[in-house]
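The exercises below are to be worked through with the sequence and the coordinates open side by side. Each task is followed by a solution that proceeds step by step.

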Amino acid sequence: MSLTIPAHDRHGIRVFAARLSPDDFRRDKARLAAELLGDPDLDPAFIEIFDLADLAGLGLPAYLTEGLGVPDAAVASDRERLEALRGPVLILLSKALHGRALTLTPDPRLTLVATYAEDRPPVHFEPLPTAAAEGTLGPDMAPDPTPQRPESAFLFLGLALALTGATALWLAFG
């Protein structure tokens, strides 16, 4: 089975049932995830492997909605199937792909159970609630018409050095 994830899928969540031995489960999770999903370039920060027994009292549907931001309506149709799962699961967030389009060939120990998307509320901008934020910006101010004359600074510095040198000579040979 192959799984194609497009580059624009930045908020996808894929839930896999994982048939892992106790030895597999004790391994480094980042290496195990790369092996199970068939791609060493996945970001392990966005892949979770855990035993569903760790969610006692919460359950996988609640973890998906409350922990990962999956809409309740999306999980509702899969609730019975998700609650029936036992043992290890692997959760792959699309962010693990670094924005690349990818076709994964998951290990046979993985079975895709469900695919969801995070609930991302639309972004809207409201005016700032202060009078200082009202009005419009004027055009850029015109540059100062009096040109800066760096020559005068060099002239003054040269004159000060010459005066200092002359004073030092007068004191030395005085």
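Strands, here, are DSSP runs of E with at least two residues, numbered from the N terminus. The model is predicted.

**Exercise 1.** Locate Glu 48 in the secondary structure and determine which residues Glu 48 touches, leaving aside residues up to four places away in sequence.

*Solution.* Begin with the secondary structure, where Glu 48 falls within strand 3, a strand that covers residues 47-51. Next, consider accessibility: the relative accessible area of Glu 48 is 21%, and since buried means under 20% and exposed over 50%, Glu 48 is therefore classed as partly exposed. Then list the contacts, which are Tyr 63, Leu 68, Val 89, Leu 90 and Ile 91. With Tyr 63, the side chain of Glu 48 makes a polar contact of 2.3 Å. Ile 91, although 43 residues away from Glu 48 in sequence, has its C-alpha 5.0 Å from that of Glu 48.

**Exercise 2.** Work out the strand order of the open sheet of 4 strands, and establish which helices lie against strand 3.

*Solution.* First, read the order of the open sheet, which is 3-4-2-6 with antiparallel pairing. Strand 3 and strand 6 (110-117) form the edges, each of them pairing on one side only, and from one strand to the next the twist averages 20°. Second, examine the pairing of strand 3 with strand 4 (residues 88-93), an antiparallel arrangement joined by 5 bridges, in which Ile 47 stands opposite Leu 92. Third, turn to the helices: helix 2 (residues 29-37) lies across strand 2 (12-18), strand 3, strand 4 and strand 6, and runs at about 105° to strand 3. Helix 3 (residues 60-68) also packs on the sheet, touching strand 2, strand 3, strand 4 and strand 6, with a direction that makes about 25° with that of strand 4.

**Exercise 3.** Trace the salt bridges formed by Glu 35, and find which residues are linked with Glu 35 in a network.

*Solution.* Start from the whole structure, in which a search finds 7 salt bridges. Glu 35 is partly exposed at 39% relative accessible area, and a salt bridge joins Glu 35 to Arg 27, with the closest N and O atoms 2.9 Å apart. Arg 109 likewise forms a salt bridge with Glu 35, the closest N and O atoms being 2.9 Å apart. This second pair links distant parts of the chain, since Arg 109 sits in the loop between strand 5 (102-104) and strand 6 while Glu 35 belongs to helix 2, 74 residues apart. Finally, assemble the network of salt bridges, which links Asp 24, Arg 27, Glu 35, Asp 107 and Arg 109.

Conventions:
Residues numbered from 1 in each chain as written. Predicted model: local features only at pLDDT ≥ 70, side-chain atom pairs only at ≥ 80, totals over all residues. Heavy atoms only, no water. Buried < 20%, exposed > 50% of the residue type's maximum accessible area, 1.4 Å probe, protein only. Contact = heavy atoms within 4.5 Å. Polar contact = N/O pair within 3.5 Å; in protein donor to acceptor, adjacent residues only side chain to side chain. Pairing = 2+ DSSP bridges. Axes fitted to C-alpha atoms, helices over the stretch in contact; angles between N-to-C directions. Salt bridge = Lys/Arg side-chain N within 4 Å of Asp/Glu carboxyl O.
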